[in-house]
Amino acid sequence: MSAADELSRRIAAAADLCLKPHRHAVVGAMDSGASGCEGSASESSGGPGDCCLRLQPRGIDGERLPQQDIELELYRSGNDLHMMLSWPEQPEQPMLWHGQHPVWMDGETGLRTERPPAGAPLEALARRLRALLSLPSDAHGEDPAQAAGPAGEPPWQA
């Protein structure tokens, strides 16, 4: 199993844990230059190109629930990992930007809004993904390019 496949499996497992009772699949490429991700890692900053994935849930009976799909956009700004989570099939729902803390935004205006009733599990997923995907040096103030390896790839592009 490739590193990208293993990371996709771990993202799906995090979604399964935080968004019970659904089971999730991760759709989209985890590596640079493939469908879903663009750009390449910068050797000096460890920053990736943007990566956009879709978490596809299934009910307990195995039936696909496309209305509950979650779009996950991952990107770096400086040394920090940021993510945007949204329900693409429910545009009336606010979207969650998660960097150092969660911020809920209206999808149409971009203005800050209150967390929706279904928002707590999504925030839990964002925290879990941030811990899973952050470079080890992010928490220690070190250079992430050195911690990521010789090419400076973040975990989802390794």
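Let me open with a question: is E6 buried, partly exposed or exposed? In this structure, which is a predicted model, E6 comes out as partly exposed, its relative accessible area being 29%.

I start with E6 because of its partner, since R9 is likewise classed as partly exposed, at 42% relative accessibility. The side chains of E6 and R9 meet in a salt bridge, with 2.5 Å from N to O, and both residues belong to helix 1, which covers residues 3–18, where they sit three residues apart, or about one turn of the helix. As a general point, side chains of opposite charge can pair when their charged atoms come close. The count for the model comes to six salt bridges, and I would like to spend most of my time on a group of these that involves R54.

R54 is partly exposed, at 23% relative accessibility, and the closest N and O atoms of its salt bridge with D69 are 3.1 Å apart. Because D69 lies in the loop between strand 2 and strand 3 (70–77), while R54 is in strand 2, this pair ties together parts that are 15 residues apart in sequence. D69 counts as buried, its relative accessibility being 2%, and the cut-off for that class is under 20%.

The side chain of R54 also meets that of E89 in a salt bridge, here with 3.6 Å from N to O. That pair links distant parts of the chain, since E89 is in the loop between strand 4 and strand 5 (95–98) and R54 is in strand 2, 35 residues away. E89, at 36% relative accessibility, is partly exposed. Taken together with R64, the residues R54, D69 and E89 are linked in a network of salt bridges.

Which residues, then, does S86 contact once its neighbours within four places in sequence are left aside? They are D69, I70, E71 and M95, so that D69, which we have just met in its salt bridge with R54, appears again here as a contact of S86. S86 itself is placed in strand 4, residues 80–86, and it counts as buried at 14% relative accessibility.

I70, another of those contacts of S86, brings me to my last residue, L53, because the C-alpha atoms of L53 and I70 are 8.4 Å apart in space, although the two residues are separated by 17 residues in sequence. L53 is located in strand 2, which runs over residues 51–58, and it is buried, with a relative accessible area of 2%.

Notes:
Residues are numbered from 1 along each chain as its sequence is written. This is a predicted model: local features need pLDDT of at least 70, side-chain atom pairs count only at pLDDT 80 or more; totals for chains, interfaces and linings use all residues. Side-chain values use heavy atoms; hydrogens and water are left out. Helices (H or I, at least four residues) and strands (E, at least two) are DSSP runs, numbered from the N terminus. Buried means under 20% relative accessible area, exposed over 50%, partly exposed in between (1.4 Å probe, protein chains only). Contact means heavy atoms within 4.5 Å. A salt bridge is a side-chain nitrogen of Lys or Arg within 4 Å of a carboxyl oxygen of Asp or Glu.
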